[in-house]
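Colleague: I am new to this structure. Could you walk me through how to read it?

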Amino acid sequence: MPTAFTVTSLPVRIDETLCIANKGCTVCVDVCPLDVLAIDFDKGKAYMKFDECWYCMPCEKDCPTGAVTVDIPYLLR
Amino acid sequence: MGACLTLQTHTRTVDVLVIGGGTAGPMAAVKAKEANPELNVLLLEKANVKRSGAISMGMDGLNNAVIPGHATPEQYVKEITIANDGIVNQKTVMAYARNSFPMIEELDSWGVKFEKDETGDYAVRKVHHMGTYVLPMPEGHDIKRVLYRRLKRVRVDITNRLVATRLLTAPDGCIAGAMAFDCRTGDFHVIRAKTVILATGAAGRLGLPASGYLFGTYENPTNAGDGYSMAYHAGAELSGIECFQINPLIKDYNGPACAYVTGPLGGYTANNQGERFIECDYWSGQMMMEFYRELESGNGPVFLKLNHLAEETINTIENILHTNERPSRGRFHEGRGTDYRQQMVEMHISEIGLCSGHSASGVWVNEHAETTVSGLYAAGDLACVPHNYMLGAFVYGKIAGESAAAYCAQTPLAEIDQAQVELERTRVWAPLSRPDGLPPLQVEYKLRRMVNDYLQPPKVTRKMEIGLARFADIGQDLEHLSARDPHELMRALELHAIHDCAQMAARASLFRKESRWGLYHHRVDYPDTNDDEWFVHVQVKKIDDAMHCFKRPVEPYIVNLKELEKTAYQRMRIFKDAPADSPNQVGIESN
């Protein structure tokens, strides 16, 4: 069936200057209850892959370098 | 992309399999292991045990602490019997109440911090209609860490990112294990076990939040009702499914208004005039009914009122509410320009869900956490022990763990039925081999929108019948779901569970031809409570591949109620011109 690529604003932001995924850190990916974060292995940085966020914040709280910020999803803001 | 995966099947054998690593699950695993350290105990978690379940970011207090000097088990059993309009198996509530204080002391010894007064006594607050049971936990954000330490200490085996989809049963109907898949690799897992403890939390992704955001639910959306579905397909009885969970929340935000935190400090639920309209903010069906009526009236909407409080009180409230349970709350208020000091906070009612932790909808268990399937136990939000909350999850986790350990000692490992394994593996992997199918999230949106349209109270017979027809159509769509990777596969399989829960919610609601529990089961075409015919539990069970509802009598009470007490929760609305000695104030005897 025909499908679309629709752009969606995402609630989780990663500051790539602070993210140390390139050193093997996966803390934010590990703690997400919904498993929506992933590591971009080309860049060596974490990113939000799926728009399925509970804005519960373990990713932000547990990040060792303060690279993660959780915004309230746009639909709720 | 499905074609690129090399999918494998893994089989392992354990004594006790605990499914769900949130609140009840870790406690069950620890207690099974403590009961018999020789047992091989596996804790299987869909996310990561460190931060999973309803309390991933901690909890701001206990809602139902039964602490000597403040409340007695008998008093608590009365309160919950009345709050749940009489339909309780009191033995299960009593088993909770008697274990409540020992559990608080044990958690305290593990390092969970509860509020204490200057004498070292627990600082219990009154929020319920009659008794005093609320114990704040201003530093409750640490609770998952404490549990994790305990799991490691007693050497419970943990596996993360495995999504359980079906239980295995032996030819005689006893439990034989469970099946799961890995949401990172797609691999299929067969876990043989002597006993299984289900602790998979609420069915929180049933209704659609008013925002339309699929994951903006009150419950952790990982809790999609998987356990309700697994128990149903294993032939277990479910109970009180028609007693929906509906909570008062901040409008557009999934956090509770937290009467438990703000109430004892002077905050309250108000109408647009800033006036109180209910005398008790404890969540019950009757409270939600009054909330709903006010919301829909000319005095609506409803607000949380804090702006009359002193600066230091508001600081205390912010400190608790913005660091525990729902820590993004402060960010939400900031975005809206809401300051507790200045404005009242607009409130609304949540989407519907199934959750015995808050209402009474769950898998039927007795006071030993046994379900009706031999070898299968249930605990936490999923297990039907009304209004059990977090502490009830811990207590029933403990009961389930100890019961399961005892069961293991007398039971051999059941044989598994290879046909069940084949059937389930085919069902689980199917969406990966359909490149041209329906996207799971789009189907989920439609299903949950229909749940709102047809099942959200006030319940109307004809609407629920139409709802069932729509759910049947969507059932056909489930056979055409497509998943591009194991993550999407998780959403696709969750959708099957949500679909089961939607049907159970509709059928149980249609079966109970009366109104009860305030808004939770408000049937417009059967507006009255009918104790003559419906003073019973309504059970849902799979029989010969079809969904059946039937009555189960309420066990004789072990704590009797007085006539005036029975209706205490029906009389919580505040009338403006009520005399000072209003009969609304009902005390409860502590026996």
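Colleague: Let me start with one residue. Is Asn48(B) buried or exposed?

Modeller: Keep in mind that this is a predicted model. To judge burial, count the neighbours; 20 or more other C-beta atoms within 10 Å make a residue buried. Asn48(B) has 20 other C-beta atoms within 10 Å, so it is buried.

Colleague: Where in chain B is Asn48(B) found?

Modeller: Look in the loop that links strand 2 (41-44) and strand 3 (61-62) of chain B.

Colleague: Which residues does Asn48(B) touch, leaving aside those up to four places away in sequence?

Modeller: Asn160(B) is one of them. Asp30(A) and Val31(A) are the others, so this residue contacts chain A as well.

Colleague: Then how many residues of chain B are in contact with chain A?

Modeller: The general idea comes before the count. The size of an interface is often given as the accessible area lost when the parts come together. Here we count residues instead. In this model, 26 residues of chain B are in contact with 20 residues of chain A. Helix 9 (residues 329-336) of chain B supplies the largest share of the chain B side, three residues. By class, that side has nine nonpolar, 11 polar and six charged residues.

Colleague: On to helices. At what angle do helix 12 and helix 13 of chain B pack?

Modeller: Compare the directions of the two axes. Helix 12 (residues 440-455) and helix 13 (residues 461-478) of chain B pack at about 170 degrees, and their axes are 9 Å apart. Angles over 145 degrees count as roughly antiparallel. Helix 12 and helix 13 of chain B are therefore roughly antiparallel to each other.

Colleague: Which residues meet there, and of what class?

Modeller: A point about helices helps. An α-helix has 3.6 residues a turn, so residues three or four places apart point the same way. From helix 12 of chain B, the residues in this contact include Val443(B), Leu447(B) and Met450(B). From helix 13 of chain B, they include Gly467(B), Arg470(B) and Ile474(B). By class, the contact has nine nonpolar, one polar and four charged residues.

Colleague: How many residues of helix 10 of chain B are buried?

Modeller: 18 of its 22 residues are buried, so helix 10 of chain B is largely enclosed by the rest of the structure. Helix 10 (residues 389-410) of chain B reaches 32 Å from its first C-alpha to its last, close to the 32 Å expected at 1.5 Å a residue.

Colleague: Now sheets. Which strands stand at the edges of the sheet with the order 14-9-16-17?

Modeller: Read the strand order, then look at its ends. This open sheet of four strands in chain B has antiparallel pairing. Strand 14 (362-363) and strand 17 (546-553) of chain B each have a single partner strand, so one side of each is left without a neighbour in the sheet. Further in, two bridges join strand 9 (residues 238-239) to strand 16 (residues 536-543) of chain B. Ser239(B) stands opposite Gln539(B) in strand 16 of chain B.

Colleague: Which strands does helix 14 of chain B lie across?

Modeller: Helix 14 (residues 486-511) of chain B lies across strand 9, strand 16 and strand 17, running at about 45 degrees to strand 17 of chain B.

Colleague: What order do the strands 10, 11, 12 and 13 of chain B have?

Modeller: The order is 10-13-12-11, in an open sheet of four strands with antiparallel pairing. Strand 10 (248-250) and strand 11 (268-270) of chain B are the edge strands. Three bridges join strand 11 to strand 12 (residues 302-305) of chain B. Tyr268(B) stands opposite Lys305(B) in strand 12 of chain B.

Notes: Residues are numbered from 1 along each chain as its sequence is written. Chains are lettered from A and ligands numbered from 1 in the order in which they are written. This is a predicted model: local features need pLDDT of at least 70, side-chain atom pairs count only at pLDDT 80 or more; totals for chains, interfaces and linings use all residues. A residue is buried if 20 or more other C-beta atoms lie within 10 Å of its own, exposed if 12 or fewer, and partly exposed in between; C-beta atoms are placed from the backbone. Two residues are in contact if their C-beta atoms, placed from the backbone, lie within 7 Å. Axes are lines fitted to C-alpha atoms, for helices over the stretch in contact, and angles run from 0 to 180 degrees between N-to-C directions. Angles under 35 degrees count as roughly parallel, over 145 as roughly antiparallel, 65 to 115 as roughly perpendicular and the rest as oblique. Ala, Val, Leu, Ile, Met, Phe, Trp, Tyr, Cys and Pro count as nonpolar, Asp, Glu, Lys and Arg as charged, and the others, Gly among them, as polar. The expected span of a helix is 1.5 Å times one less than its number of residues. Two strands pair if DSSP finds at least two bridges between them.
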